[in-house]
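These are my notebook entries on a structure that is new to me, kept in the order in which I looked things up.

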Amino acid sequence: MCAWAGPASADPVTGPLATNPFLGPLGTATMHGDAGSSDVTPLAGPRPGAAVTVYPFAAACPTLLQGSDGLVVGLCTAIAGQTPTVFLFDAAATGPVGKAVASLPLAKGSLLGGVYAYLDNEDRLVVVDGGRQLLRVAHVRNGDGAWRLEAGVQADLSGAIPQGDNVTGLVPDWAGNVWFATGRGIVGFVDAQGRVATVTLPSGEQVTNSISSAPNGGVAVASSHALYELRAEDGLPQLLWRAPYDRGSARKPGQLGWGTGSTPTYFGPVTGDEYLAIVDNADDQVNLIVARSGSGAQVCSIPVPVRGSENSPIAIGSSIFVAGTYGYPYPTVPEGAGPAVPANAPFRGGLSRVDLTVGGCVPVWDSAIRSAAVPRLSLADGGIHTVRRVGPDVTTPLDGFDYVVIDPETGAVRTSTPLPGTVAEDPLQMAALIARDGALWQGTISGVVRVG
């Protein structure tokens, strides 16, 4: 067990990122950037003074990805009817308002069903729709130059996933198996021949975040009760270990489920997959937990000065960053999430850096930044990019937003750019995409905002 000590000197943040051969480009192929969910990108973000473009779709856009062809693909959920829809964006828009050049509605599932998806090594969006079909959605050009989206079915998962359950997490492993986890705790994979194999987590355990994979063959899943690592062996998912964590006494305001809000993060200074990190849901202060991949042995558990986090930690090398979401005003939560205790609270945010050393976990700095999105660390420009909520701690529809870059060595804000400041542009703790041209694409409750 590690406790808070005095401030440590901040070393530069660096480390390896593992490239999965079945994913699109590193940093832009998954919601969290890569298969290990590092929330780190090798690409540089926008320069100061970059232009702002709004793409209004009347849909929340949590998944924004870019393939090797440079085109940006989004998976959004329509406000009316909550229909998941794939969009192909006009990335060359230069005016204040952008547009989509193609769209494709998918079968509707649960609130979190169809949120997580990735781009494969052929720039196809891999997603499971509400009909429990594993799809690969390609974008192709007609003879007249117009774009269209085409969905092909790779596997029917309806025999493995009961009616009413939906996939919440999706990632390929290093052998090409497509792993998935459902809200009601079914974990499995589809192999290259389309065969489906599953295992069910203990009764009552839910999965409300995505899943991660590593070069060592491991696949990490965080349920509402425990952190797991599995591996494909002899055509079946095999459990390597299970590590329970403190899930607290109830769901907190600013959380979408009762339990961790983390997609597990693989990281490490040598191979990039030596460790796994999540944040628990302990009452009052939460704890950053670091476990050794392959064995589940706890490396450290350290309290961080935020009361709750729905975000996956940023982690690379020996550095981890945790953002607080306690009190964030989500308009709705998934079915079965349970009541929040208390029902609501002020949103104070917070961002902390913790470094892993020979002696365990060492706190480096804490910032009062009120991040309204999942922060993204750039190795190219050395900044943490996010959107900040501007206004009183007790949130209102009149709050504003600005795009900020934070120094990972000190926690100080380097630059800020005002964004459209209405509730319609609320980022709602969604992850941003930093594209190859340096633009930042941020999903909002009503579409996308692009800076750059």
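Before placing any residue, I noted that a strand here is a DSSP run of E with at least two residues, and that strands are numbered from the N terminus. With that settled, I placed Asp234 in the loop between β17 (226–233) and β18 (236–244). I also wrote at the top of the page that this is a predicted model.

**Entry: Asp234 and Asp39**

I looked up the backbone of Asp234 and found a positive phi of about 55°, although the residue is not a glycine. I made a note of this because most residues other than glycine have a negative phi. Is Asp234 buried or exposed? Its relative accessible area is 79%, and the cut-off for exposed is over 50%, so I entered Asp234 as exposed.

Asp39 also turned up with a positive phi, near 55°, and I found it in the segment before β1 (40–41). Its surroundings read otherwise: the relative accessible area of Asp39 is 0%, so I entered it as buried.

**Entry: a cis peptide bond**

I then checked the peptide bonds, and the one from Val341 to Pro342 is cis, with omega near -5°. Pro342 sits in the loop between β24 (319–323) and β25 (351–357).

**Entry: the chain as a whole**

What does the secondary structure of the protein chain come to? I recorded zero helices and 33 strands. For the overall dimensions, I noted that the C-alpha trace spans about 65 × 55 × 40 Å along its principal axes. A compact globule of 452 residues would have a radius of gyration near 22 Å, and because the protein chain has 20 Å, I wrote down that the two agree.

Of the 452 residues in the chain, 61% are buried, while the exposed surface comes to about 16,000 Å², with carbon and sulfur atoms supplying 54% of it. Among contacts between residues at least 6 apart in sequence, I found that 54% join residues at least 24 apart. As one example of parts distant in sequence, I looked up Thr53 and Pro420, which are 367 residues apart along the chain and 9.5 Å apart in space, C-alpha to C-alpha. Thr53 belongs to strand β2 (residues 52–56), and at 2% relative accessibility it counts as buried.

**Entry: disulfides**

How many disulfides does a search of the whole structure find? The search gives two. One is formed by Cys61 and Cys76, whose sulfur atoms are 2.2 Å apart, and with 105° about the S-S bond this link is right-handed. Cys61 lies in strand β3 (residues 59–66) and Cys76 in strand β4 (residues 72–78), 15 residues apart. I checked their accessibility as well: Cys61 is buried at 0%, and Cys76 is buried with a relative accessible area of 0%.

The other disulfide joins Cys300 to Cys361, with 1.7 Å from S to S. This pair links strand β22 (residues 298–304), which holds Cys300, to strand β26 (residues 360–367), which holds Cys361, across 61 residues. Both Cys300 and Cys361 are buried. With the bonded cysteines numbered in sequence order, I wrote the pairing as 1-2, 3-4.

**Entry: nonpolar cores**

Which residues of the largest nonpolar core touch the most other members? In this core of 46 residues they are Val86, Leu125 and Leu170. I followed Leu125 further and, leaving aside its neighbours within four places in sequence, found contacts that include Leu65, Val73, Val86, Leu135 and Val137. Apart from that core lies another, of 22 residues, among them Tyr330, Val405, Ala432 and Ile434.

**Entry: aromatic rings**

My last search was for aromatic pairs, and the structure holds twelve. One of them, formed by Phe57 and Phe89, is tilted, at 5.5 Å centre to centre and with 45° between the planes. Phe57 lies in the loop between β2 and β3 and Phe89 in strand β5 (residues 84–89), so the pair ties together parts that are 32 residues apart in sequence. Phe57 counts as buried at 18% relative accessibility, a value under the 20% cut-off, and Phe89 is buried at 2%. Finally, I noted that Phe57 and Phe89 belong to one aromatic cluster with Tyr55, Phe87 and Trp441.

Methods:
Residues are numbered from 1 along each chain as its sequence is written. This is a predicted model: local features need pLDDT of at least 70, side-chain atom pairs count only at pLDDT 80 or more; totals for chains, interfaces and linings use all residues. Side-chain values use heavy atoms; hydrogens and water are left out. A disulfide is a pair of cysteine sulfur atoms within 2.5 Å. Helices (H or I, at least four residues) and strands (E, at least two) are DSSP runs, numbered from the N terminus. Buried means under 20% relative accessible area, exposed over 50%, partly exposed in between (1.4 Å probe, protein chains only). A nonpolar core is a set of buried Ala, Val, Leu, Ile, Met, Phe, Trp, Tyr and Cys residues joined through side-chain atoms within 4.5 Å. Contact means heavy atoms within 4.5 Å. The radius of gyration is taken over C-alpha atoms; the globule rule is 2.2 Å times the number of residues to the power 0.38. Accessible areas come from the Shrake-Rupley method with a 1.4 Å probe; for residues, only the protein chains shown count as cover. Rings of Phe, Tyr and Trp (its six-membered ring) pair if their centres lie within 6.5 Å; planes under 30 degrees apart count as stacked, over 60 as edge-to-face and the rest as tilted.
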